[in-house]
Structures are given as C-alpha cells and as structure tokens.
Amino acid sequence: MIGHHPHKLAIAAWFDGEGSESVGGHVARCGKCRRYAAELARVRSWLRAQPFVAMTDDVDEPAQSRNRWRPVMVAALLLSAYLIAPNRGDDNLDRAPGNLGALAERVSDRSSPPESPAQSTGPTAADPLEDGEATPSAGSLSREGAAGGQESALGVASRPPWTSPLRLGLIVPTSGPLAREGSEVRDVVQRRVQAANTSGGVAGVPVELVVAPAEDRAAIEAMAGQVSAVVGGFGAEIPTATTWIFPADPLVTGPNVVPAEASARAVGAQLGADLRNEGPFGLVGIVVGSGPDAALATGLASKANVTTVAARKNTTCLTEVATLRRSGAMILAVAGDTDLVISCIRAAARSAWHPRLGPLVPPSAAYAGVSSIPEATGTRTVLALPWPTSSAPGAARFRATTTSQSYRALVSYAATELAINVARQTGTISPASMAGRAWHSDLAEVDGVTNRAGSVVSSLFEAWIAVT
C-alpha cells in the first residue's frame, strides 16, 4: 500500500480476477484509483482490437509478412511492461497510458447460429457437476438439499400429488446479436431442470422445459396453454395471464410477473440513501429520459437534493451534461434507457467530469453490458442478485454448476430454482401461491412475490461489485 491507495500491482491483480475483494471496494469509492482502473480497461480494449498473430516455425514465411505485425507485438509488450511496472508514488495512478485506440461504439454479444425452434426437454441423466442441490444454509425455509430438497414448514401439508410433469417455459433469442447469450441461458436452465429431476422432480414427477424462440410469436402464444410458468429468459413479452418468475429483463412488469429486480423508482431511492451514507455529496444532476427507467429520477429526488434536465431526442448528452455542471451538480445520474446511459457516460468523460461517485443508472444498464465500456468504471446501480463472477456463495455455486458468467443466465437459474421450490411446496406456481411465504436461497430472499435481496454495486473490470 502507498498512502491510502492500493499498490498499482494490487489493482492490476484485481483486474485479472486474482486480487483481494477489498481492492475492488476501494476502487469503487476512490476517484483516483477508479480513473486508473478505467485506463487499464482502455488498454485491454485496445489490445483486444489488435489482430491475432500466430507464432510459426515456417522459415519460408516472407520477412515482409513477419515484419508487418512487429509494431503491434512491440506495442503490446510495452503496454504489458508498463502495467506491471513498480509504483513510484501516489501520482503514478494518474499516469496510465491513455488514448490507445477508439472506444467501443456499443456493447453487444457476438452473433451465433440460430438455435432450433420450440422444444420440450424432459428428464435426463444427472450432470456430474450437479450432484444434488446445494447444501441449504442455516434458517433456509425452502432450499433444496442433496437428498431431494428440504420442505418448508409453511407448505408441506398443502402440497397435492402431481400426476403429470411440471412444465416450465423459457423464451430466449435464437438469432441476432443476443443469440449467443440466449443459448447460454437455455443451457443453464436445462441443467437446473436436470438437477431437479435427479433429486425427485416434483413429488416424484419429472420437470419438463419448453423452449420458445423470442422471434417466434406463435410459439410464445402457444406456450400459454402448455406451461405452468415461464422462468427467466428474455427477448420478448409473454401473454399477460401466464406467470413469469424472474424475467431476465428488469423492464418486464405485469400482474403475473414476479420480478427479480426492484423498480427503477425503488432503485433510485436506494441509491439516494446510499449517497447519504457516504457523507456530504452535494447536488445530484439527473438527465431524465423516457420510459420506465425515467422513474429513477423520482426515487432519487425522494432521498437527495436534485436538479434535472430533460434529454433531447437522439442526444449525445454533451449539452445536458454541461447544463448540469453549470447548475452546480456534483454527481451525475441518468434516468433513461441504455442508449441514453451510454451517451451521458461518454459525454461526462469527454467533458472531463469525474464525479466522486457514480454515474447513477438503472439496473437495465447492467443487463445491457454497460460495464464493458471503459468510461463506465465506477458507475453505480442496484442489482438484486449477486454478479456471477463475485465471491458471494450463490454466485460461486452457480459458477461451479454451470461454468456460466452471464447475469441473465444466473437470474434464469434462480428463477428455475424458485419455481420448482414453489411447485414442490404448494402444488402450483402463481403469485397467489407464493403470497404469505418466505422463499430463501443463497441467490434470492423472496418475501411473497418481492425479492428483498439486492445491494448497491459499482462497475469495475466488466463486472459489478458490491459497494460495502
């Protein structure tokens, strides 16, 4: 340690996923270290953009071809050497290399070939990685155990016998830029269903999974008469009469939806309360867009002193950011969709505005991959479930049983667990059957149909870490 800042090597170790959790917590709160972390992210972004150069023993390769890539290789080696160089004092945190290439224009997943159309998956052999369910923690009311699940004292007597398979529905994109993550979500949910079946299914009857492509409206509408509930998934709406447990899309709402994330208004209130805990923070400047995420501004206003400016259509956000700074805003918040969030984060960086905390954004930004943008380092929101790469017990169990690092997949995994637990305890899956009961696991703390879990998180190294 140098002064109150982690050593540069300690921050680099955290960057590589090998450092201490305390380093991430410090970086989330320290403007100087956060700027250095952003520079590390820019370096990584630049290096990833360079062409891959395979080493070869082919002596006949023309010298001109070999020399063509030499500057790139030299630059990469120099950058690597710089990042691991010893600190020469606190100020070195501000001397990381900058301007190392164009910033990514927009975060999106790589496309993958379309998956097969709607399909039903029945019981299969147990996956060796999932040798039974996770060991229940103390006080658990409805966690499944390796022997087939612990029953909740609240629901054992009312559980009726099952005579036909419990069918769960899942909707995921199978084409376009989100197809790859859609396939990952599908695989994770299938594995969770398989694990449930190896531990007895629901009252000895197997669980089946019906998968519908998000692009196939007819398959989605047909699902309404085939499944007891839809779990997780994303990319499309479902018939309003169908129960949907934890959609992996925070903007999905409805009378039969059990959301994983808090509303944008509740998130704003929690972010505002967190600011109070941080100490004096001054005026919060909010760029207000349209849609459900605009309610973030209302929540913040209930806990903090705010000033607002309406976002213009197709704005770059430079004008809005300048207006807020002239108004004396000390913290930036963006109450709008992902496009607006990205524009305002970049506008603040271009304007050399680096608030001590924030920017503050709605949860939808995390789902959209905003943390992959170098300028977004330090951005804050509230997430109800632990990030897949975190050290939280639920995240570690999820990784061990699925190898996935997708937050949408983790949400869908938790949704499948919850739906199976509800079915095992009550004999049906609906908001009404969940009401008045507590559903606990190391991933979620559901009181009736409200997930009480959740914490303020900060963007760091393409992940979201809890701010403690």
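Trainee: Which elements each supply at least two residues of the lining of the largest cavity?

Mentor: This is a predicted model, so keep that in mind. Helix α14, residues 407-426, is one such element. Strand β11, residues 438-440, is another.

Trainee: Which one gives the largest share of that lining?

Mentor: Helix α14 does, with four residues.

Trainee: What volume does the largest cavity have?

Mentor: About 90 Å³. In total, 12 residues line the largest cavity. Closest to its centre are Ala414, Leu418, Asn421, Ser441 and Ala444.

Trainee: How does the lining divide into nonpolar, polar and charged?

Mentor: Seven of the lining residues are nonpolar. Four are polar, and one is charged.

Trainee: And how many cavities of 30 Å³ or more does the structure hold?

Mentor: Two.

Trainee: Back to α14. At what angle does α6 pack with it?

Mentor: About 30 degrees. Helix α6 covers residues 179-198, and the two axes are 9 Å apart. Because angles under 35 degrees count as roughly parallel, α6 is roughly parallel to α14.

Trainee: Is that crossing of α6 and α14 left-handed or right-handed?

Mentor: The crossing is right-handed.

Trainee: Which residues meet there?

Mentor: From α6, they are Glu181, Val185, Val188, Val189, Arg192, Val193 and Ala196. From α14, they are Arg408, Ala409, Ser412, Tyr413, Thr416, Glu417, Ile420 and Arg424. Sorted by class, the contact between α6 and α14 has eight nonpolar, two polar and five charged residues.

Trainee: What about α13 and α14? At what angle do they cross?

Mentor: Roughly 95 degrees. Helix α13 is residues 393-402, and its axis comes within 11 Å of the α14 axis.

Trainee: Why is α13 called roughly perpendicular to α14?

Mentor: Because 65 to 115 degrees counts as roughly perpendicular, and the axes of α13 and α14 cross at roughly 95 degrees.

Trainee: Which residues make that contact?

Mentor: Helix α13 brings Ala395, Arg397, Phe398, Thr401 and Thr402. Helix α14 brings Ala409, Leu410, Tyr413 and Glu417. By class, the contact of α13 with α14 has five nonpolar, two polar and two charged residues.

Trainee: New topic. Which residues does the cis peptide bond join?

Mentor: Gly358 and Pro359. Omega is about 5 degrees at that bond.

Trainee: Where is Pro359?

Mentor: Pro359 lies in the loop between α11 and α12. Helix α11 is residues 338-350, and α12 is residues 364-367.

Trainee: And what phi does Ala352 have?

Mentor: A positive one, about 60 degrees, although Ala352 is not a glycine. Ala352 is in the loop between α11 and α12.

Terms used. Residues numbered from 1 in each chain as written. Predicted model: local features only at pLDDT ≥ 70, side-chain atom pairs only at ≥ 80, totals over all residues. Heavy atoms only, no water. 1 Å grid on protein atoms, 1.4 Å probe; cavity = no way out; pocket = protein on both sides within 12 Å on 5 of 7 lines; lining within 4 Å. Points joined across faces, edges and corners; volume = space filled by probe spheres on them. Nonpolar A, V, L, I, M, F, W, Y, C, P; charged D, E, K, R; others polar. Axes fitted to C-alpha atoms, helices over the stretch in contact; angles between N-to-C directions. Parallel < 35°, antiparallel > 145°, perpendicular 65-115°, else oblique. Left-handed = near helix turned anticlockwise from the far one by under 90°. Contact = heavy atoms within 4.5 Å.
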